[in-house]
Amino acid sequence: MTNNQRVRLFNKTLIAATVCGSLFAGTLSAGSIVGSAHDFSNRGWINPFGEICVFCHTPHNADTTVIGAPLWNHELTTATYTLYDSPTFDGAATIIQPGGVSILCLSCHDGTVAIDSYGTNPGTTFISGAALIGTDLSNDHPISFDYTTALALDDGSLHDPMSTTVTIGEGDKTKVGTIAEVMLFADQLQCASCHDVHNTFTADDPLLRITNVGSALCLTCHNK
């Protein structure tokens with residue numbers, strides 16, 4: 001890394017630290033990214049201020065081509081995935097290669113891009129263990145498919161996303177709306193339909209948008 005690159009990274013992290021500090025101040029009553037599995041501030045990577053946001057976001061020189069990701073700062077995966085398929089999956093006709101917010105998650109969790117590959121840092125630390133999903137998604141819950149009223153009617157075991165009201169979060173982070181309004185992305189189910197990268201919503205169930213005690217998260221969409 002050149003001196004000019006170090007200066008740019010220094011300035012980016014300094015400003016982002018201020019922005020993130022103000023954001024976190026209002027989230028501690030529910031969950032918080034601070035201390036969660038996505039808090040990388042103490043990992044010793046190129047991060048002179050122990051900053052948290054910078055691994056994914058930056059206030060300057062962001063990649064604005066990334067859809068649905070404000071001020072994006074992390075390298076994106078270019079992997080091709082083996083998709084979920086099952087004779088009981090009625091959404092198979094609409095399932096596509098992961099996109100939108102899911103591709104952001106997979107840019108660490110598929111193992112093809114280093115976790116610390118952000119800004120001008122090429123990264124050398126790759127995800128491992130249970131957090132490594134890989135590029136074979138055939139045995140994981142399907143993502144990037146249309147979850148619509150038509151699918152619910154065809155399947156018979158799903159709640160109608162347009163009319164079923166759900167509550168996500170707790171305290172001042174509670175959101176109430178239909179499944180489509182508060183959990184889907186352009187009528188598609190994505191990773192972030194169930195998981196919250198910022199750990200905002202449920203303090204007792206890290207990185208879930210709805211607690212899964214008693215299979216509550218599953219039963220939000222599935223009716224049996």
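## Close-up views of a predicted chain

Among contacts in the protein chain (heavy atoms within 4.5 Å) between residues at least 6 apart in sequence, 56% join residues at least 24 apart. This is a predicted model, so local features need pLDDT of at least 70 and side-chain atom pairs count only at pLDDT 80 or more, while totals for chains, interfaces and linings use all residues. Residues are numbered from 1 along each chain as its sequence is written, and side-chain values use heavy atoms, with hydrogens and water left out.

**View 1. The whole chain has six helices and four strands.** Both kinds of element are DSSP runs numbered from the N terminus: helices are H or I with at least four residues, strands are E with at least two. Reading from the N terminus, the order is α-α-β-α-β-β-α-β-α-α. Of the 224 residues, 42% count as buried; that word means under 20% relative accessible area, with exposed being over 50% and partly exposed in between (1.4 Å probe, protein chains only).

**View 2. Helix 2 is mostly covered.** Eight of the 10 residues in helix 2 are buried, namely Val-101, Ser-102, Ile-103, Leu-104, Leu-106, Ser-107, Cys-108 and His-109. Helix 5 (191-194) is included in what covers them. Just past the end of helix 2, Gly-111 takes a positive phi of about 80°.

**View 3. The largest nonpolar core has 30 residues.** A core here is a set of buried Ala, Val, Leu, Ile, Met, Phe, Trp, Tyr and Cys residues joined through side-chain atoms within 4.5 Å. Phe-145, Tyr-147, Ile-179 and Met-183 have the most contacts inside this one. Helix 2, helix 3 (149-155), strand 2 (165-168), helix 4 and helix 6 (216-221) are the elements that give two or more residues to the core. Apart from it lies another core, of eight residues, among them Phe-40, Phe-55, Ile-115 and Ile-127.

**View 4. Zooming in on Phe-145 shows its contacts with residues beyond its sequence neighbours.** Skip anything within four places in sequence, and Phe-145 is in contact with Phe-89, Gly-91, Thr-94, Ile-95, Leu-151, Asp-187, Gln-188 and Leu-189.

**View 5. Leu-189 sits in strand 4.** Leu-189 counts as buried because its relative accessibility is 7%. Not counting residues up to four places away in sequence, Leu-189 touches His-141, Pro-142, Ile-143, Ser-144, Phe-145, Tyr-147 and Leu-184. Take the partner Tyr-147: the two residues are 42 apart in sequence, yet 6.2 Å apart in space, C-alpha to C-alpha.

**View 6. Ser-144 and Asp-187 both have a positive phi, and neither is a glycine.** Most residues other than glycine have a negative phi. For Ser-144 the angle is near 55°; for Asp-187 it is about 70°. Ser-144 belongs to the loop between helix 2 (100-109) and strand 1 (145-146), and is buried at 1% relative accessibility. Asp-187 lies in the loop between helix 4 (179-182) and strand 4 (188-189), and at 38% it is partly exposed.

**View 7. Thr-178 is part of strand 3 (residues 175-178).** Thr-178 is buried, with a relative accessible area of 12%. Leaving out neighbours within four places in sequence, Thr-178 is in contact with Pro-161, Met-162, Ser-163, Thr-164, Thr-165 and Val-166.

**View 8. One cavity of 30 Å³ or more turns up in a search of the whole structure.** The largest cavity has a volume of about 30 Å³. On a 1 Å grid over the protein atoms alone, a cavity is a set of points where a 1.4 Å probe fits but cannot get out, and lining residues have an atom within 4 Å of a point. Points are joined across faces, edges and corners, and the volume is the space filled by probe spheres set on them. The lining is made up of Leu-83, Tyr-84, Ile-95, Leu-137, His-141, Pro-142 and Ile-143. By class that gives six nonpolar, one polar and no charged residues; Ala, Val, Leu, Ile, Met, Phe, Trp, Tyr, Cys and Pro count as nonpolar, Asp, Glu, Lys and Arg as charged, and the others, Gly among them, as polar.

**View 9. The whole structure has zero disulfides.** A disulfide would be a pair of cysteine sulfur atoms within 2.5 Å. For Cys-56, the closest cysteine sulfur is in Cys-108, 6.3 Å away and so too far for a bond. For Cys-218, the closest is in Cys-194, at 7.7 Å, again too far. Cys-56 is partly exposed at 25% relative accessibility, and Cys-218 is partly exposed at 39%.

Notes:
On a 1 Å grid over the protein atoms alone, a cavity is a set of points where a 1.4 Å probe fits but cannot get out, and a pocket is an open set with protein on both sides within 12 Å along at least five of seven lines; lining residues have an atom within 4 Å of a point.
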